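I opened this one to see how its strands are arranged. My notes follow.

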Amino acid sequence: MSSHVLILGGTAEARALATALCARPGVRVTTSLAGRVARPGAVDGDVRVGGFGGAEGLAEWLRREGVAALVDATHPFAESITANAARAAARTGVPAVVLRRPGWRPGPGDRWHPVPSLDAAAELLPRVGRRAFLTTGRLGLAAFAHLTALHFVVRSVDPPEPPLPPDTHVLLARGPFTVAGETALLREHRVDVLVTKDSGGAATAAKLTAARDLKVPVVVVGRPPLPEGVTAVPDVAGVLERLGLGGS
């Protein structure tokens, strides 16, 4: 009998997991995308786009579609989605796994300033630099909109949502990025502070190496905590093991 796995996706890890699960006989895979990115990458298996209507809507979808396992492979900062997934899994009894790539860790030469939130980053920023490279995504930029004395370079995949700081230069680009490219960008825009979320992964880590090489300080926004009682696995192999699908 076919086993239906729902992946809450939107990350490279989610795409890799869908590919791995689709290669398993008897496994049906549906990846759900929030629809916030205009042109998401190709995904193996079935794809649905849009929200579920909160935890209860997701629970109803799990029941209706006969889902045997739920994998939350969303972005590490998709806090509300992760909370709804945990509640829906608890209500339905559907086994759930959270897939989270490991966060970044500072190394020798890094000048990191850890903060717990975007608001905390905005509060600290004027004391660290005047020309900020902001790579926190297109949402949440309102936290920086009041910083009228700073110049911002904002990079995101799709156009950022207002309000934005008044002195902002927008770059639309999708990773992965190279150290050489990031170094050139920091120099071209005379960036003296980098602001990033602790997203983890290799696709956007080059900016951290470039900042280290140029001795540019980095304001790092920490990840929100997982819901109580929820633990994460760091890779696709860990998910397959938890689902009893490990091995070749």
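A reminder to myself before anything else: I'm looking at a predicted model.

**Entry 1, one sheet.** I began with strand β1, residues 3-8, and checked its link to β4, residues 67-72: the two run parallel and are joined by five bridges. For a single pair to look at, I picked L8, whose bridge partner in β4 is D72. Then I wanted to know what packs on the sheet here, and found helix α2, residues 54-64, touching β1, β2 (27-33), β3 and β4. I noted the angle too: the direction of α2 makes about 155 degrees with that of β1.

Next I traced the whole sheet. It is open, has six strands with parallel pairing, and reads β3-β2-β1-β4-β5-β12. Which strands stand at the edges? I found β3 (46-49) and β12 (232-233) there; each has a single partner strand, so one side of each is left without a neighbour in the sheet.

**Entry 2, another sheet.** I traced a second open sheet of six strands, again with parallel pairing, and wrote down its order as β6-β11-β10-β7-β8-β9. Its edge strands are β6 (112-115) and β9 (168-172), each pairing on one side only. I looked up the twist as well: ignoring direction, neighbouring strands here are turned by 20 degrees against each other on average.

Inside this sheet I checked β10 (residues 193-197) against β11 (residues 218-221) and got four bridges in the parallel sense. T196 stands opposite V220 in β11. Last, I looked for a helix on this sheet: α6, residues 206-214, packs on it and touches β6, β7 (131-135), β8 (151-156), β10 and β11. The direction of α6 makes about 155 degrees with that of β10.

Terms used:
Residues numbered from 1 in each chain as written. Predicted model: local features only at pLDDT ≥ 70, side-chain atom pairs only at ≥ 80, totals over all residues. Heavy atoms only, no water. Pairing = 2+ DSSP bridges. Contact = heavy atoms within 4.5 Å. Axes fitted to C-alpha atoms, helices over the stretch in contact; angles between N-to-C directions.
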